2 protein chains.
Amino acid sequence: MDAVRELSASIMTLVLEMLGHSSERSPLPKQEGTGSYTPLPEMGKTRDELLRNIELVVQESMNPLHPTYIGHMDSIPTLISVLGEWISSSINNNMLSLEMAPAFSRMETEVIRSLAKRFGYDDQAGGVMVSGGSLANIQALIVARNHFFNTKDEGLTHLNQKPVVLASEAAHTSIQKAMMVSGLGASQVISVNLDHHGRMDVQDLEQKVKEEKSKGRVPFAVIATAGTTVTGSIDPLQDIANVAKKYGLWLHADAAYGGALIFSDQYRSRIAGIEHADSITFNPQKWMYVAKTCAMVLFQKRESLIQNFRISAPYMNESDFINLGEISIQGTRHAEIFKLWLSLQHIGLRGYEQLIHHGYELTAHFTNEVKKRNYLEVACEPDVNICCFRYKPDQVPEEQLDQLNQSLQQTLLNDTQTFLSFPVFRGQRWLRAVLLNPFTTEEHIQEIFRQIDQFHQELYG
Amino acid sequence: MDAVRELSASIMTLVLEMLGHSSERSPLPKQEGTGSYTPLPEMGKTRDELLRNIELVVQESMNPLHPTYIGHMDSIPTLISVLGEWISSSINNNMLSLEMAPAFSRMETEVIRSLAKRFGYDDQAGGVMVSGGSLANIQALIVARNHFFNTKDEGLTHLNQKPVVLASEAAHTSIQKAMMVSGLGASQVISVNLDHHGRMDVQDLEQKVKEEKSKGRVPFAVIATAGTTVTGSIDPLQDIANVAKKYGLWLHADAAYGGALIFSDQYRSRIAGIEHADSITFNPQKWMYVAKTCAMVLFQKRESLIQNFRISAPYMNESDFINLGEISIQGTRHAEIFKLWLSLQHIGLRGYEQLIHHGYELTAHFTNEVKKRNYLEVACEPDVNICCFRYKPDQVPEEQLDQLNQSLQQTLLNDTQTFLSFPVFRGQRWLRAVLLNPFTTEEHIQEIFRQIDQFHQELYG
């Protein structure tokens, strides 16, 4: 036990040191790396060698703990979620079955029931945790596919017509992945136009449903996004639900990001209508600050999940409790519920509400600074804590803007340690600020805009 | 920082206490649980409340750290893998892209390359880590499906004939799940007979391939298992590879468990032929003692993975390095490579070899004890560190044996804290010992058989 204690203490010192100095490491290291990760030494290394190697790896890693790492939906994790991982990894339970994870299986079921209620679902709802939002979207689409076409046992080959799904241009690429995985084909996602807010254009949705039908294809699902990847836009869920109902489509809400608004009395109306969705993807690993991965897929009718997805395992024991491995796309699975549950226990509902409101306040401040400057352009009004904008001085022709903005992105990273990401939206490059980090302050934002002003001054001042 | 330090120190005390007393907690608690996991408190709880709740959860969890927890392929995790999770969760990198996980993306690529070589693959091989073996099997079968039927973009609906795959009766249920998920249908797995070792009967395989073809179906893949779930049997890989080659089938080797034999010079011949597999599932979360989940899918030709699975993401930056999120069934993903890499660094190749040999020694001892007793029956000769047996006294008719063995299983659990699992094999219930835990000794085994003898004495002595 002494060796266990010593190694644990060394790692604790290292982690605390790392946390205490996270603002001194670049938010984004060089991607080339310096070290080689030759993995297979003949003999085990000493503790000191291990610690040196670990420090090197940390230096070469992304640093989302930096207060001006504001580039992606990758949050600084709650302390309790990280410590929770230590505990749950130590006892190494397996979410495959109740026998192998008695406490965590029940915990997951209960937490999912509570969250489903906050989404407006009733007692018939259910769901399962999965390791990331892509798996949640994949599993939801497969349940929808099996529900519509009875393809669970016999597969798709008997279908005479092509099933298609509809999603906005800004929907996540995992929708294509889900269609590819499920055998429906990556190209069978019909792209619905965006309105000027970056949200799904519902008139275009209805138009395209009709078009697809007239072409002899079978639209069976529509995917609404609550918090798109680039701009964080929230599709008009109630209107989309109406179209889904009218045409008998499965409605899947990809609320991986925006689902966290269930914790805000002030902003939850932005996802009103989500209770009509047949399935919901929600990722506490994003706006709930739980260490990744932590994601789930919810179903309005748990019975639909069971009927359309369950594969029973003969080596598991029977009981009234359906083993979670039988209704998940995964089998053996880590108890990711524990870090979510602990975070809820430690932070509480009011704490989450405050975190969300702080993000909105920073975003309003940030967006206001963009709008003050006629050489900056905002992509659309933020629906969540994301401001997507670009540098667009009058003197510069459109075709040079991408390169100019990349230059600004690099300058901000090198000169002020600010990491904004550089995504494509409506065919152009934009700078994206995701104001997730609770340690980001208005002063940090002021400093970013001072640098942007200076960049502009030097070029066109 | 003081609060961070205090909470971390409290959790460390709790974890060390838990590790130090793991043999005092039952290997398997009551599954009913006592606590309620009401997840949504208005206000955050205090540190003391949190710690009390955590202790309760640990009490109600499966305890694979117990030296006579020998029921499942769920190992006691390496200390460094658990501590590694603490570090990687703290920096919360995202395997979606090189930008969001610069060190870990390269580390994963390098480690996979090294392991692929140990499996006998050449430089053209590649792969990706996934959160659990089911996902590995699913991804492999989808790559095989797209490779054979060109279904990536357009899906399956154009196929006129039914694709089927072949796997032994003892193959993992995730093969059914993979077929269901991929749109080929859960029932389209053709079951191949077992020989008396619990391994795939290769004559029956060839026979069934011919039968399926003659029925107008299209066998396109065979799944060989290296380490079946119940008995740990290793299918004859070389012979299966010959059949696969003869009939142009994709060969997938599910070496989730047995793949670890690449670390043993003495036993690696048991998986000879695996280098002919087009894809391999390997789970370091099992016999490499890495905290779960830790699994991977390898491909003999990395190019096949890319061509048949890649979905490009427009919001990621271009570079020569293909972002791992584009070639994985997951998107956002935790850096599970780190705990594997650290375990390899800490334990070393020779260390893993010793762990594996220790398991074989214990298994030989265990199996010998079974064979000594005429009222015990072994299911088949162990290929790995698993002994599957049952209590079969002459006096008891076959139809009562399941219940009698369950009674023995419960007695061992309640009286000697020994957890053997109770799976179905060839239509009957068996007691399964998975001799993974390095802290299990021959004395523990002696004690188990003393209890079995006593059980027998009391009933039929």
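Chain A exposes about 15400 Å² of surface, and carbon and sulfur atoms supply 45% of that area. Keep in mind as you look around that this is a predicted model. Below is a quick tour, from the overall build of chain A to one lysine that a UniProt record singles out, A:Lys286.

**Overall build of chain A**
- The secondary structure of chain A consists of twelve helices and twelve strands.
- With a radius of gyration of 24 Å, close to the 23 Å from the globule rule for 461 residues, chain A is as compact as a globular protein of that length.
- Along the principal axes, its C-alpha atoms fill a box of roughly 65 × 65 × 45 Å.

**Packing and charge**
- Of the 461 residues in chain A, 67% are buried.
- Among contacts in chain A with a separation of 6 or more, 72% join residues that are 24 or more positions apart.
- Chain A carries 41 positive and 53 negative charges, and the mean positions of the two sets are 4 Å apart.

**A closer look at A:Lys286**
- An unreviewed UniProt entry lists A:Lys286 as a modified residue, N6-(pyridoxal phosphate)lysine.
- You will find A:Lys286 in the loop of chain A between strand S6 (279–282) and strand S7 (295–299).
- A:Lys286 has 12% relative accessibility, so it counts as buried, the cut-off being under 20%.
- Setting aside neighbours within four places in sequence, A:Lys286 is in contact with A:Met73, A:Ser75, A:Ala256, A:Tyr257 and A:Leu436, and also with B:Thr332 of chain B.

Technical notes:
Residues are numbered from 1 along each chain as its sequence is written. Chains are lettered from A and ligands numbered from 1 in the order in which they are written. This is a predicted model: local features need pLDDT of at least 70, side-chain atom pairs count only at pLDDT 80 or more; totals for chains, interfaces and linings use all residues. Side-chain values use heavy atoms; hydrogens and water are left out. UniProt positions are given in the numbering used here, feature names are shortened, and annotations may be inferred rather than shown by experiment. Helices (H or I, at least four residues) and strands (E, at least two) are DSSP runs, numbered from the N terminus. Buried means under 20% relative accessible area, exposed over 50%, partly exposed in between (1.4 Å probe, protein chains only). Contact means heavy atoms within 4.5 Å. The radius of gyration is taken over C-alpha atoms; the globule rule is 2.2 Å times the number of residues to the power 0.38. Accessible areas come from the Shrake-Rupley method with a 1.4 Å probe; for residues, only the protein chains shown count as cover. Lys and Arg count as positive and Asp and Glu as negative; His and the chain ends are not counted. The place of a charge is taken as NZ of Lys, CZ of Arg, CG of Asp or CD of Glu.
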